[in-house]
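Here are my notes for you on this one. Keep the viewer open and follow along point by point.

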There are 2 protein chains.
Amino acid sequence: MSKDVVKSVGRVFSVLELFKTHQKPLTATEVCNYLDYPKSSADALLKSLVILGYLTLDINTTKYFSSLRVTKLGDWLPELFGASSYALQMVDHIHKALGETVTLSMPNDIHMQFITVITGTFPISLSFQQGTKLPLFTTGIGIAQLATRTDEQIAKALKRGNRRAASAQDRVNLDELMVDIESTRAKGYCEAFNRLVPDTGAIAMALPGPSSESQLVVAVGGPIDRIKKTEDKIIQEMRQAIRSYRSS
Amino acid sequence: MSKDVVKSVGRVFSVLELFKTHQKPLTATEVCNYLDYPKSSADALLKSLVILGYLTLDINTTKYFSSLRVTKLGDWLPELFGASSYALQMVDHIHKALGETVTLSMPNDIHMQFITVITGTFPISLSFQQGTKLPLFTTGIGIAQLATRTDEQIAKALKRGNRRAASAQDRVNLDELMVDIESTRAKGYCEAFNRLVPDTGAIAMALPGPSSESQLVVAVGGPIDRIKKTEDKIIQEMRQAIRSYRSS
DNA sequence: AATAATAATTCATCTATATGAATTTGTAAA
DNA sequence: TTTACAAATTCATATAGATGAATTATTATT
């Protein structure tokens, strides 16, 4: 866990993700063991979550579980992103049509963060954990997202991003970035080869959405040769799926 | 906020509920002002949530917002409770048919906790905040829930509950409780008049679900005279709605 | 009823977080 | 370019949380 995260804040989400992973009630001891917390610390946290109503405690089994109030924390969101349940169906459809890794991601600070990752069915497939973050300014999905914004917004965003760069070599050149942006705008998608992970390629398209700063990005990725070979088919499938998505 | 809740844990949910209430991006200063937090404390919390991926920070507007990962924390739950989107439609349908306050609740420790509250359309209507908790052993919704469990489970649960009672007068007598339980089982619903709030009444029914300790309860409540007068119609509407719900 | 094992709670102490004032940085307007 | 204002960050200190050992309570078995 990042050193900059408040400890008990991180633990809140670890607990909620644990129940999402197991999908069954767990005792306090089980939670302790899975998450490797000291007993009394975990107890205080679990009791807080029960008092607040986000976890339930069954009085017969003395097991904890997520409450439906956790569902309500986030069930209003997809509609605001123009990401109805059709969005997940669309990602699934692209995955079935192509067999490659398909991702859905959103911008977060100077990163793109994965919301959904469906790993390819080929033995050799690109693989990411959900929640993974990739750089906003140097990846295909980031460029596809930025391309939905104005030149001015991009310049301002890059200026801020470069200010936070750890070293001069981490800084991105605006003119070089704009070449990729223009290319993406012209084609309607961003193709990225050998950008972050060697020998891999990805095609990324932004989904239509209510505002440019929240637009989601869908991408297809895999080994560079396979992606290049099937590029035309990938683009066709993605466009068709997004077109169907838009009219839902 | 309860004294027994870890402070920053409570704040996590305050922030997420704030975004649910406003449904638009907010600056750090706005979050501070709405929640009355010291500036640097709020900053540390917001940054933690961004790093963990549950909030997003837009690099152009420098505004925070909930991430779709919040949705994913809880979108798997309704299916496990047998509470598909039809459950909310059912609650809404009962509300439209009767015009009274309708609630959906779930057991949590020695309470029933409201998940959904739709306030009646009459000028005089029963009104609760979402997230409100009522006693498990002494309210109509609690008794309706307990009636789905075995006698042994009820006795055990009451023993634990009584052990935690602050005073002897807060303890519930098992034999008296079982009279209400048997009545509820015989009729298929619990009718409660003047139990918690004076001059109010409620009819409560448990929804079918995968296990008794997680069964949700739907209830119709309002001023005692109006509920008594329309009791037969309420029971009919609820049964019909639950029957339709079961086959969805 | 007694006993053993497990779970839950308590408490002293150490570590982490929260706070608010001061300082620095960023932005917008002149 | 300069200035004023707002936002963000820093830091010393106070408060809260985490920890782990010890103790108490609960449960299951004999």
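The points below cover the basics, a sheet, a helix pair and the cysteines.

1. First, the ground rules. This is a predicted model, where local features need pLDDT of at least 70, side-chain atom pairs count only at pLDDT 80 or more, and totals for chains, interfaces and linings use all residues. Residues are numbered from 1 along each chain as its sequence is written, chains are lettered from A and ligands numbered from 1 in the order in which they are written, and side-chain values use heavy atoms, leaving out hydrogens and water.

2. Now find the open sheet in chain A: six strands, ordered β5-β4-β3-β8-β7-β6, with antiparallel pairing. (Strands are DSSP runs of E, at least two residues, and helices are runs of H or I, at least four, numbered from the N terminus; two strands pair if DSSP finds at least two bridges between them.) β5 (133-135) and β6 (190-193) of chain A are at the edges with a single partner strand each, so one side of each has no neighbour in the sheet.

3. Zoom in on β3 (residues 101-108) and β4 (residues 111-118) of chain A, which pair antiparallel over seven bridges. Val102(A), for instance, has Ile118(A) in β4(A) as its bridge partner.

4. Which residues make the contact between α3(A) and α1(B)? They are Leu45(A), Ser48(A), Leu49(A) and Leu52(A) on one side, and Val9(B), Gly10(B) and Phe13(B) on the other. (Contact means heavy atoms within 4.5 Å.)

5. What about disulfides (cysteine sulfur atoms within 2.5 Å)? A search of the whole structure finds zero over all chains. Cys32(A) is buried, at 6% relative accessibility, and Cys190(B) is buried at 4%. (Buried means under 20% relative accessible area, exposed over 50%, partly exposed in between, with a 1.4 Å probe and protein chains only.)

Methods
A disulfide is a pair of cysteine sulfur atoms within 2.5 Å.
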